[in-house]
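Trainee: I have a structure to go through. Can we take it piece by piece?
Mentor: Yes, here it is.

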Amino acid sequence: MAITIRRATVNDMICMQNANLHNLPENYMLKYYMYHILSWPEASFVATTTDIEVLEEEKEQLAQNKESEILSLEDTETGAIIKLDPTYVAPGEKLVGYVLAKMNDDADQKDEPLNGHITSLSVMRTYRRMGLAEKLMRQALFALREVYQAEYVSLHVRESNRAALHLYRDTLEFEVLSVEKSYYQDGEDAYAMKKILDLDELQVSNFAHRGNKSEQKPEDDLQSDLLADIISNGTDNIVV
Ligand SMILES: CC(C)(COP(=O)(O)OP(=O)(O)OC[C@H]1O[C@@H](n2cnc3c(N)ncnc32)[C@H](O)[C@@H]1OP(=O)(O)O)[C@@H](O)C(=O)NCCC(=O)NCCS
């Protein structure tokens with residue numbers, strides 16, 4: 001299944017909010033998404049797919065000739081049918097996960113080094129355990145460091161959220177700073193977590209090989225000349 005991870009834009013906001021409403025009790029108004037994306041346009045990411053199966057209920061409606069009940073409109077220029085469905089960021093492109101990230105701009109942060117914050121992360125249920133959350137997070141962490149010079153990033157997670165805790169603490173190596181009592185509206189405590197952002201560690205090439213720890217990363221060979229190698233050795237040994 002092909003999944004694309006790309007920077008989030010204002011066109012993705014409704015779908016991000018929709019995914020957030022499906023997956024988490026902490027929800028935000030659209031203007032808060034807008035604030036993130038307009039203020040730090042390179043910090044938030046979405047995962048989307050174009051491999052889309054028609055939902056069972058849609059099939060039923062089609063079978064019963066109830067097309068009109070599937071919200072859609074016709075693109076006046078191309079004639080294409082556009083589904084008005086908040087899971088679709090564009091015709092044929094469905095949002096399956098997002099990470100909403102920002103720089104910390106609280107007034108009480110004046111004496112702190114620049115630092116980022118993960119506001120929200122979620123992956124739609126059928127697309128979980130495929131490594132998407134990890135990839136979204138790594139993209140956001142890299143961007144916060146590289147683009148916005150964040151020295152560290154912070155987030156909160158519910159004490160009971162085993163999946164997210166595993167992701168943050170074990171996979172991404174965040175440290176637990178403290179337990180914030182009754183942080184959430186329903187009274188649940190939160191772990192306040194922090195990760196120092198090291199640009200070398202965050203390079204994509206450093207985690208692409210994760211999962212096969214015995215595998216040695218190929219060293220960059222800055223001396224070799226690709227064209228000269230192709231001419232003398234052919235293309236069989238070229239790794240792209
Ligand atoms: C938490 C969440 C974002 C994880 O998304 P995901 O795409 O399934 O996560 P990944 O596939 O990238 O997994 C990352 C790691 O977490 C582990 N993990 C994922 N789900 C897990 C679960 N339910 N229980 C235990 N570990 C889990 C994976 O095994 C993987 O570990 P590894 O690095 O040791 O292999 C997803 O479950 C979700 O959207 N939950 C609801 C919203 C939410 O809780 N958001 C976080 C709010 S702070």
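The questions below cover a helix pair, the ligand shell and two backbone torsions in this predicted model.

Trainee: How are helix 1 and helix 2 oriented: parallel, antiparallel, perpendicular or oblique?
Mentor: Helix 1 spans residues 13-23 and helix 2 spans residues 30-39. Their axes come within 10 Å and cross at roughly 120°. Angles of 65 to 115 degrees count as roughly perpendicular, and over 145 as roughly antiparallel. The crossing angle therefore makes helix 1, relative to helix 2, oblique.

Trainee: Is that crossing left-handed or right-handed?
Mentor: Take helix 1 as it passes helix 2. The crossing is right-handed.

Trainee: What kinds of residue make the contact of helix 1 with helix 2?
Mentor: Helix 1 brings M13, M16 and Q17. Helix 2 meets them with L30, Y33, M34 and I37. By class, the contact has six nonpolar residues, one polar and no charged.

Trainee: Which elements do the buried residues of helix 1 pack against?
Mentor: The buried residues are M13, C15, M16, Q17, A19 and N20. Among them, M13, M16 and Q17 also meet helix 2. The full list of packing partners is helix 2, strand 2 (45-49), strand 5 (88-90), strand 6 (93-103) and strand 7.

Trainee: Which element gives the most to the shell around the ligand?
Mentor: The ligand is surrounded by 21 residues, and the closest are R128, A133, E134, A163 and T171. Strand 7 (115-123), helix 4 (132-146) and helix 5 (162-171) are the elements that give two or more residues. The top contributor, with seven residues, is helix 5.

Trainee: How many residues of that shell are nonpolar, polar and charged?
Mentor: The shell holds 21 residues. They divide into ten nonpolar, six polar and five charged.

Trainee: Is Q149 buried, partly exposed or exposed?
Mentor: Q149 lies in the loop between helix 4 and strand 8 (152-158). Its phi is positive, about 55°, although Q149 is not a glycine. Buried needs 20 or more C-beta neighbours, and exposed needs 12 or fewer. Q149 has 14 inside 10 Å, so it counts as partly exposed.

Trainee: And S182: buried or exposed?
Mentor: S182 is found in the loop between strand 9 (175-180) and strand 10 (190-196). S182 is not a glycine either, and its phi is positive, near 50°. The cut-off for exposed is 12 or fewer other C-beta atoms. S182 has 10 within 10 Å, so S182 is exposed.

Definitions and conventions: Residues are numbered from 1 along each chain as its sequence is written. This is a predicted model: local features need pLDDT of at least 70, side-chain atom pairs count only at pLDDT 80 or more; totals for chains, interfaces and linings use all residues. Axes are lines fitted to C-alpha atoms, for helices over the stretch in contact, and angles run from 0 to 180 degrees between N-to-C directions. Helices (H or I, at least four residues) and strands (E, at least two) are DSSP runs, numbered from the N terminus. Angles under 35 degrees count as roughly parallel, over 145 as roughly antiparallel, 65 to 115 as roughly perpendicular and the rest as oblique. A crossing is left-handed if the near helix is turned anticlockwise from the far one by less than a right angle, and right-handed if clockwise. Two residues are in contact if their C-beta atoms, placed from the backbone, lie within 7 Å. Ala, Val, Leu, Ile, Met, Phe, Trp, Tyr, Cys and Pro count as nonpolar, Asp, Glu, Lys and Arg as charged, and the others, Gly among them, as polar. A residue is near a molecule or strand if its C-beta atom, placed from the backbone, lies within 6 Å of it.
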